[in-house]
Amino acid sequence: NKNFYTDLNNILEKNDYKRVLRALIRYVRDLYTYNLYIKKTGASSLEGLLGYRLPLHINKQRVDLAIKFKEKDYYNLLKFLLEKELEMRNSEKNKEAIFWEVMTYLKLFNSF
(Lines give C-alpha, C1' and ligand atoms only; values in the text may rest on other atoms or scores of the structure.)
Protein backbone atom coordinates (compact mmCIF):
# COMPACT_ATOMS: atom_id res chain seq x y z
CA ASN A 1 0.00 0.00 0.00
CA LYS A 2 2.95 2.29 -0.51
CA ASN A 3 2.11 5.38 -2.52
CA PHE A 4 4.08 5.07 -5.75
CA TYR A 5 2.41 7.85 -7.73
CA THR A 6 5.21 10.35 -7.05
CA ASP A 7 7.84 7.93 -8.35
CA LEU A 8 5.63 7.04 -11.29
CA ASN A 9 5.17 10.69 -12.27
CA ASN A 10 8.95 11.10 -12.26
CA ILE A 11 9.28 8.09 -14.58
CA LEU A 12 6.56 9.42 -16.88
CA GLU A 13 8.40 12.71 -17.30
CA LYS A 14 11.08 10.81 -19.23
CA ASN A 15 9.11 7.87 -20.70
CA ASP A 16 5.88 7.25 -22.56
CA TYR A 17 3.15 5.56 -20.51
CA LYS A 18 2.76 2.84 -23.18
CA ARG A 19 6.39 1.83 -22.69
CA VAL A 20 5.93 1.78 -18.92
CA LEU A 21 2.98 -0.61 -19.27
CA ARG A 22 4.94 -2.95 -21.57
CA ALA A 23 7.88 -2.91 -19.14
CA LEU A 24 5.53 -3.72 -16.28
CA ILE A 25 4.12 -6.70 -18.19
CA ARG A 26 7.64 -7.93 -18.92
CA TYR A 27 8.60 -7.55 -15.25
CA VAL A 28 5.60 -9.54 -14.00
CA ARG A 29 6.27 -12.22 -16.63
CA ASP A 30 9.89 -12.46 -15.50
CA LEU A 31 8.83 -12.79 -11.87
CA TYR A 32 6.47 -15.61 -12.85
CA THR A 33 9.31 -17.34 -14.71
CA TYR A 34 11.48 -17.03 -11.59
CA ASN A 35 8.63 -18.41 -9.50
CA LEU A 36 8.27 -21.47 -11.73
CA TYR A 37 12.03 -22.06 -11.76
CA ILE A 38 12.27 -21.85 -7.97
CA LYS A 39 9.35 -24.25 -7.54
CA LYS A 40 10.78 -26.75 -10.01
CA THR A 41 14.38 -26.73 -8.81
CA GLY A 42 14.06 -25.63 -5.21
CA ALA A 43 17.01 -23.32 -5.83
CA SER A 44 17.37 -20.04 -3.99
CA SER A 45 19.53 -18.58 -6.74
CA LEU A 46 18.50 -17.55 -10.23
CA GLU A 47 21.94 -18.25 -11.69
CA GLY A 48 20.84 -21.50 -13.34
CA LEU A 49 17.94 -19.81 -15.07
CA LEU A 50 19.64 -16.58 -16.10
CA GLY A 51 23.04 -18.02 -16.92
CA TYR A 52 24.88 -15.47 -14.82
CA ARG A 53 25.16 -14.59 -11.15
CA LEU A 54 23.25 -11.61 -9.85
CA PRO A 55 24.53 -9.58 -6.90
CA LEU A 56 23.33 -11.27 -3.71
CA HIS A 57 20.96 -8.50 -2.62
CA ILE A 58 19.30 -8.30 -6.04
CA ASN A 59 18.98 -12.09 -6.25
CA LYS A 60 17.38 -12.20 -2.78
CA GLN A 61 15.00 -9.36 -3.66
CA ARG A 62 13.82 -11.05 -6.88
CA VAL A 63 13.47 -14.49 -5.26
CA ASP A 64 11.51 -13.05 -2.33
CA LEU A 65 9.19 -11.14 -4.63
CA ALA A 66 8.75 -14.06 -7.05
CA ILE A 67 7.64 -16.48 -4.34
CA LYS A 68 5.38 -13.91 -2.67
CA PHE A 69 2.66 -14.40 -5.28
CA LYS A 70 0.65 -17.51 -6.05
CA GLU A 71 0.04 -18.77 -9.56
CA LYS A 72 -3.54 -17.48 -9.40
CA ASP A 73 -2.19 -14.00 -8.61
CA TYR A 74 0.17 -14.10 -11.58
CA TYR A 75 -2.64 -15.29 -13.82
CA ASN A 76 -5.04 -12.55 -12.72
CA LEU A 77 -2.42 -9.83 -12.88
CA LEU A 78 -1.05 -10.79 -16.30
CA LYS A 79 -4.55 -11.29 -17.72
CA PHE A 80 -5.59 -7.83 -16.56
CA LEU A 81 -2.40 -6.15 -17.79
CA LEU A 82 -2.52 -7.80 -21.22
CA GLU A 83 -6.22 -6.98 -21.66
CA LYS A 84 -5.55 -3.34 -20.82
CA GLU A 85 -2.57 -3.19 -23.18
CA LEU A 86 -4.76 -4.58 -25.96
CA GLU A 87 -7.51 -2.11 -25.08
CA MET A 88 -4.97 0.70 -25.15
CA ARG A 89 -3.79 -0.32 -28.61
CA ASN A 90 -7.21 -0.88 -30.16
CA SER A 91 -9.37 1.70 -28.44
CA GLU A 92 -10.25 5.23 -29.29
CA LYS A 93 -10.58 5.95 -25.57
CA ASN A 94 -8.06 8.14 -23.85
CA LYS A 95 -5.03 5.86 -23.62
CA GLU A 96 -3.61 7.73 -20.68
CA ALA A 97 -6.84 7.13 -18.75
CA ILE A 98 -6.48 3.39 -19.37
CA PHE A 99 -2.91 3.59 -18.07
CA TRP A 100 -4.03 5.27 -14.85
CA GLU A 101 -6.77 2.66 -14.48
CA VAL A 102 -4.02 0.01 -14.54
CA MET A 103 -2.00 1.89 -11.94
CA THR A 104 -5.04 2.16 -9.67
CA TYR A 105 -5.66 -1.58 -10.06
CA LEU A 106 -2.05 -2.27 -9.06
CA LYS A 107 -2.38 -0.08 -6.01
CA LEU A 108 -5.48 -2.01 -4.94
CA PHE A 109 -4.23 -5.46 -6.05
CA ASN A 110 -4.85 -7.74 -3.08
CA SER A 111 -1.42 -9.42 -3.08
CA PHE A 112 0.71 -6.30 -2.81
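**Figure 1. Overall fold of the predicted model, with six helices and zero strands in the protein chain.** The structure shown is a predicted model. Read along the sequence, the elements of the protein chain follow the pattern α-α-α-α-α-α. The C-alpha trace spans about 45 × 30 × 25 Å along its principal axes. Of the 112 residues in the protein chain, 31% are buried. Among contacts between residues at least 6 apart in sequence, 67% join residues at least 24 apart.

**Figure 2. Surface and charge of the protein chain, which exposes about 7700 Å².** Carbon and sulfur atoms supply 53% of this exposed area. The protein chain carries 21 positive and 14 negative side chains. The centres of these two sets of charges lie 4 Å apart. Some of the charged side chains are paired, and the structure holds seven salt bridges. Several of these pairs are shown in the views that follow.

**Figure 3. A positive surface patch formed by Lys-18, Arg-19, Arg-22 and Arg-26.** Arg-19, one of the members of this patch, is found in helix H2, which covers residues 17-41. Arg-19 counts as exposed because its relative accessibility is 53%, and the cut-off for that class is over 50%. Another member of the patch, Arg-22, appears again in the next view as a contact of Glu-85.

**Figure 4. Surroundings of Glu-85 in helix H5.** Helix H5 comprises residues 71-90, and Glu-85 has its place there. Glu-85 counts as buried because its relative accessibility is 14%, whereas the class of buried residues ends at 20%. When neighbours within four places in sequence are left aside, Glu-85 is in contact with Leu-21, Arg-22 and Ile-25. Lys-95 is ten residues from Glu-85 in sequence, and the C-alpha atoms of Glu-85 and Lys-95 are 9.4 Å apart in space.

**Figure 5. A salt bridge between the side chains of Glu-71 and Lys-39.** The N to O distance in this pair is 3.6 Å. Glu-71 lies in helix H5 and Lys-39 in helix H2, so the salt bridge ties together parts that are 32 residues apart in sequence. Glu-71 is partly exposed, with a relative accessible area of 39%. Its partner Lys-39 is exposed, with a relative accessible area of 51%. In general terms, side chains of opposite charge can pair when their charged atoms come close.

**Figure 6. A salt bridge between Arg-29 and Asp-30.** The closest N and O atoms of Arg-29 and Asp-30 are 3.3 Å apart. Arg-29 is partly exposed, its relative accessible area being 43%. Asp-30 is likewise partly exposed, with a value of 26% for its relative accessible area.

**Figure 7. A salt bridge between the side chains of Arg-53 and Glu-47, and a network of shared partners.** Arg-53 and Glu-47 meet at an N to O distance of 3.1 Å. Arg-53 is exposed, with a relative accessible area of 62%, while Glu-47 is partly exposed at 32%. Elsewhere in the model, Lys-84, Glu-87 and Glu-101 are joined into one network by salt bridges that share partners.

**Figure 8. Lys-60 in helix H4.** Helix H4 runs over residues 56-68 and includes Lys-60. Lys-60 counts as exposed because its relative accessibility is 52%, and a residue is placed in that class when the value is over 50%. Leu-46 is 14 residues from Lys-60 in sequence. Measuring in space from C-alpha to C-alpha, Lys-60 and Leu-46 are 9.2 Å apart.

Notes: Residues numbered from 1 in each chain as written. Predicted model: local features only at pLDDT ≥ 70, side-chain atom pairs only at ≥ 80, totals over all residues. Heavy atoms only, no water. Patch = residues over 30% accessible without salt bridge, like charges linked within 9 Å, V, L, I, M, F, W, Y side chains within 5 Å. Areas by Shrake-Rupley, 256 points an atom, 1.4 Å probe, with all protein chains shown as cover. Salt bridge = Lys/Arg side-chain N within 4 Å of Asp/Glu carboxyl O. Lys, Arg positive; Asp, Glu negative; His and termini not counted. Charge placed at Lys NZ, Arg CZ, Asp CG, Glu CD. Helix = DSSP H or I, 4+ residues; strand = E, 2+ residues; numbered from the N terminus. Buried < 20%, exposed > 50% of the residue type's maximum accessible area, 1.4 Å probe, protein only. Contact = heavy atoms within 4.5 Å.
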